[in-house]
Each structure stands twice: as C-alpha cells, then as structure tokens.
Amino acid sequence: MNVFQEQRGMISLFASEGKREGAIVAVILEELKLPYRLHLVGKPEEIDAKSLPVLRNIQSDGESVDLSGFHDVVSYLIARYDTAHEVSYKKGSKEDEEVNILVASLTEPNAAHPEEHRFDLDAKDDGIPFARKAISLYLHLEQHLQKSHSNYLVGKKCTLADLLHLPYVAAAGSAGLDLERFPELTIWYDRVYQRPAVQKGFAAVHMKIRG
C-alpha cells in the first residue's frame with residue numbers, strides 16, 4: 001500500500017476502472033462531501049491488497065485506516081462519517097432493516113431472510129440468462145416502489161440500496177429490455193441517476209450507465 005504517497009486528512013480510494021463497486025464507493029464519498037483522491041488500478045495485487053476497492057484514510061493525527069473489499073469500505077464510511085444519516089438510517093431502525101434486506105437480495109443470495117427474493121445477477125454458473133434474472137428483479141422493484149410510495153427504495157433518501165441496484169437497472173438496454181415497461185422503476189432510475197453525486201462518482205471511475 002506504499003506505492004502512492006498519501007496526504008494526511010485525505011481519503012484515498014483505489015478502484016478498478018469501470019467497476020461497479022468502486023463507483024458506488026466514490027458516490028458515497030461524493031454524497032458525504034468527503035475529500036478523496038482516486039487511484040485507478042488494474043488488480044488488487046498492484047497495491048498488495050486482497051480485493052478492490054481499497055480505502056486508505058490517513059487521519060490528521062497520523063493514524064492510518066486501511067480497508068479492502070466493498071462491504072468493509074462502505075460499512076466504515078457510513079459508520080465513521082454518516083453520523084447525520086445523509087445516506088443511511090439509524091442503525092436498528094425499521095428503515096435500516098429494509099435497506100439491509102434490499103442490499104442482501106443482491107449481495108447475499110443464500111443469506112438470511114429466505115422469504116425475500118434473491119437476485120444473483122452476477123452468477124456465471126446458474127444457467128439462467130441475465131435478461132431473465134433482470135426482468136425478475138425489475139418486477140420485484142416495480143412492485144416494491146408501487147407499495148412504498150417513496151421517492152427512493154427506502155423512504156425519502158438515497159441509500160446503499162438505491163446505489164447497488166442502479167447499475168443493474170441501467171443494464172436494461174444492453175440486455176435488450178425495455179425499462180419503460182416498468183413506469184415506477186423508470187421514474188426511480190431517472191431520479192437516482194440525476195443526483196450530482198452519482199454523476200460525479202460514476203464518472204470518476206469511468207463507469208458507464210445509461211442516462
């Protein structure tokens with residue numbers, strides 16, 4: 001991790017170009033208005049890390065925090081810097097639990113809450129085409145938005161649940177799917193995509209999504 005000279009009081013994010021996880025971390029940094037320096041790297045081995053994205057935070061007192069992997073990086077940023085709950089809800093609240101369930105539906109397909117739908121759209125060996133899984137996900141989100149009557153997937157703020165789902169919904173066109181078949185989802189998508197932090201974060205990592 002010493003291949004780049006880092007500055008105290010500045011968060012450094014190491015991410016792969018065009019990859020979803022690094023783009024979402026960049027969006028969270030933008031949403032929380034945290035100063036950061038982005039390094040685009042090809043493989044985690046380049047910076048002696050196990051996985052990407054990697055976050056390094058050399059605080060003003062000289063103490064260094066080094067984290068690798070999407071879950072650990074996001075959990076740290078929200079716990080450490082989102083005390084005003086700009087992109088999260090109070091831990092243990094009903095809304096926080098709803099966010100966790102929606103996040104788990106994409107990131108933990110065999111985890112708890114078996115009654116909830118599971119959408120492992122990145123699976124390569126399940127024999128189910130991406131388009132079919134995407135339609136199932138879009139139907140689930142459309143119904144969720146119809147019932148919730150919220151601007152976002154949970155309540156009135158953009159959270160990790162929205163940011164995680166955004167790239168999968170953006171992939172509708174490349175999968176040959178017409179997103180306009182899902183009116184509530186289309187409105188949600190446009191609302192999230194147009195957020196300045198989303199535009200900046202995704203552009204920084206060169207993550208291309210349909211506008």
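Helix 2 (residues 70-81) lies across strand 1, strand 3 and strand 4, and runs at about 140° to strand 4. Keep in mind as you look around that this is a predicted model.

Now to the sheet beneath your cursor. It is an open sheet of 4 strands, in the order 2-1-3-4, and its pairing is mixed. Strand 2 (36-40) and strand 4 (64-68) stand at the edges with a single partner strand each, so one side of each has no neighbour in the sheet. From one strand to the next, the twist averages 15°.

Here are the strands with their residue ranges:

| Strand | Residues |
|---|---|
| Strand 1 | residues 10-15 |
| Strand 2 | residues 36-40 |
| Strand 3 | residues 54-58 |
| Strand 4 | residues 64-68 |

How do strand 1 and strand 3 run, and how many bridges join them? The two strands run antiparallel and are joined by 5 bridges. For a spot to click on, try Phe-14, which stands opposite Val-54 in strand 3.

Leu-13 is also worth a visit. This residue is found in strand 1. Is Leu-13 buried or exposed? Leu-13 counts as buried because its relative accessibility is 0%, and the cut-off for buried is under 20%.

Which residues does Leu-13 touch, leaving aside those up to four places away in sequence? Its contacts are Gly-22, Val-25, Ala-26, Leu-29, Arg-37, Leu-38, His-39, Pro-53 and Val-54. Leu-67 lies 54 residues from Leu-13 along the chain, and a separation of 9.8 Å lies between their C-alpha atoms.

Notes: Residues numbered from 1 in each chain as written. Predicted model: local features only at pLDDT ≥ 70, side-chain atom pairs only at ≥ 80, totals over all residues. Heavy atoms only, no water. Pairing = 2+ DSSP bridges. Axes fitted to C-alpha atoms, helices over the stretch in contact; angles between N-to-C directions. Contact = heavy atoms within 4.5 Å. Buried < 20%, exposed > 50% of the residue type's maximum accessible area, 1.4 Å probe, protein only.
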